[in-house]
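Me: Hi! I am new to reading protein models, and I would like a close look at a single part of this one. Could you walk me through the sheet and what lies around it?

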Amino acid sequence: MTDILDELTWRGLLALSTDLGELRTALDSGRVTFYGGFDPTAPGLHIGNLVLLLTMRRLQLAGHRPIGLVGGATGLIGDPSGKSAERVLNPRETVAAWVERIRGEMARFLDFSPDPSGALLASNLEWTEQLSALDFLRDIGKHFPVNRMLARESVKARLEAGGISYTEFSYQILQAYDYLELYRRYGCTLQLGGSDQWGNLVAGVDLIKRVEAVPVHALATPLISRPDGVKYGKTEGGAIWLSPELMSPYAFYQFWINRSDVEVGGLLRVFTFRGREEIGELERLATEAPAGREAQRVLAGDVTTLVHGAAECAKAVAASQALFGQGELADLAEVPLVTVKPAPSGLPTVVDLLTATGIAASKSAARRAIAEGGAYLNNQRVLTEEAEPGLSDLLHGRFLVVRRGKRTVAGVEVVSG
């Protein structure tokens, strides 16, 4: 592998760093133990977290040792970074359940083999739960000048937005204390995080310098955004989750296959392990032969395989091809379905189906789509506004697929009663 910092820079994964020369020297001098933290403030991890996980994996492949830290303690508090209002504190039982799920999700991306660069898992509840308020204030809090804490971007933003509680104000101390404990327990000398965490990362570096008088490092990855500036990981319906319980592999695959030609090159760099020449060729194809969408297929296949495994990816590909007329509609097991009931006179018309699934905003819009030749039932173009499916059209005796244009698709389950 090329120099790991050069690799991260080329992939667009190095947004901020403490002294880059010193960090390069440390990484070149031998195995570095580093960590990335994940707070259980949601039911699972999403693709924003995946940026950090894959960056950790790249460092591990370069010979360094990762620690995946779950915020069993900090998840009870809530990080103010990137939030314009106070978080709602989740019950302890909920946080504990999310901790276990996140442990399992992290374990899919890091190598936990029993060798010198094998990953470790830890929870900051191990060293925080028994820490008394007096010990916290005397041993840790005294090292944090309030003026410096107030200068952190996450705190300044909240103060300008109306205020911040002492609970969230203290979050940066707790995260810094994590770094100190991991340094003491495992010799950890590098912390990774998103660029919105930079103030918290630097707080940990400062604390270790004050307490242990040793230099340590921090590195921040950028917040990956779409061309319109909206952060990846969010859609109109919510986060792009890594867990199949929260988002089906098919829906996950569809998110990636639908990325634009403008953005696909950057996403290949961040979310896949393809090399420079191969990504360069895919970018060329996205520019010179965009109709083939080869770059999007590689992106969707690689990321879905990485997150859900090759078998689930194959199912998602088969379902996707079937929806767009390139495979068997019998492969549509994973497609989310809308349930409808037949009318006394028979099955709903195609106009009704387009409207019920939300593919068309109204019946008049559905009729217009049919008139323009852009409406399909089971991949067959619908020719008349009065068209309605018959019983012979039902796949497996109860399913239909409706489509408008090339990509707007929905499944329908017809139920009785």
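Reply: Happy to! One definition to begin with: two strands count as paired if DSSP finds at least two bridges between them. Please also keep in mind that this is a predicted model.

With that in hand, here is the sheet. It is open and has 6 strands, in the order β1-β6-β5-β2-β3-β4, with mixed pairing. At the edges are β1 (16–17) and β4 (120–123), each of which pairs on one side only. As general background, strands of a sheet pair through backbone hydrogen bonds, and the sense can be parallel or antiparallel.

Let us zoom in on one pair. Strand β5, residues 188–194, runs parallel to strand β6, residues 217–221, and 5 bridges join them. One place to find on your screen is G193, whose bridge partner in β6 is A220.

Now add the helices. Helix α2 (residues 20–29) lies across β1, β5 and β6, and the angle between α2 and β6 is about 105°. Helix α4 (residues 92–106) lies across β2 (33–38), β3 (65–70) and β4, running at about 160° to β3.

Next, take the edge strand β4, where you will find S123. Is S123 buried or exposed? S123 counts as buried because its relative accessibility is 6%, and the cut-off for buried is under 20%. Leaving aside residues up to four places away in sequence, S123 touches L69, V70, G72 and R103.

From there, move to the loop between β2 and α3, which holds P40. P40 has 0% relative accessibility, so this residue is buried too. Which residues does P40 touch, not counting those up to four places away in sequence? They are G71, G72, G75, V95, W98, V99 and I102. P40 also shows how the chain folds back on itself in space: P40 and T74 are 34 residues apart along the chain, yet their C-alpha atoms are separated by 8.3 Å.

Finally, follow helix α3 (residues 47–61), where L61 is found. L61 is partly exposed because its relative accessible area is 46%, which falls between the 20% and 50% cut-offs. Together with F273 and L306, L61 makes a nonpolar surface patch of about 250 Å².

To retrace the tour, start at the open sheet, look at the helices α2 and α4 lying across its strands, visit the buried S123 and P40, and end at the patch that includes L61.

How values were computed:
Residues are numbered from 1 along each chain as its sequence is written. This is a predicted model: local features need pLDDT of at least 70, side-chain atom pairs count only at pLDDT 80 or more; totals for chains, interfaces and linings use all residues. Side-chain values use heavy atoms; hydrogens and water are left out. Helices (H or I, at least four residues) and strands (E, at least two) are DSSP runs, numbered from the N terminus. Contact means heavy atoms within 4.5 Å. Axes are lines fitted to C-alpha atoms, for helices over the stretch in contact, and angles run from 0 to 180 degrees between N-to-C directions. Patches are made of residues with over 30% relative accessible area and no salt bridge: like charges are joined within 9 Å, nonpolar side chains (Val, Leu, Ile, Met, Phe, Trp, Tyr) within 5 Å. Accessible areas come from the Shrake-Rupley method with a 1.4 Å probe; for residues, only the protein chains shown count as cover. A salt bridge is a side-chain nitrogen of Lys or Arg within 4 Å of a carboxyl oxygen of Asp or Glu. Buried means under 20% relative accessible area, exposed over 50%, partly exposed in between (1.4 Å probe, protein chains only).
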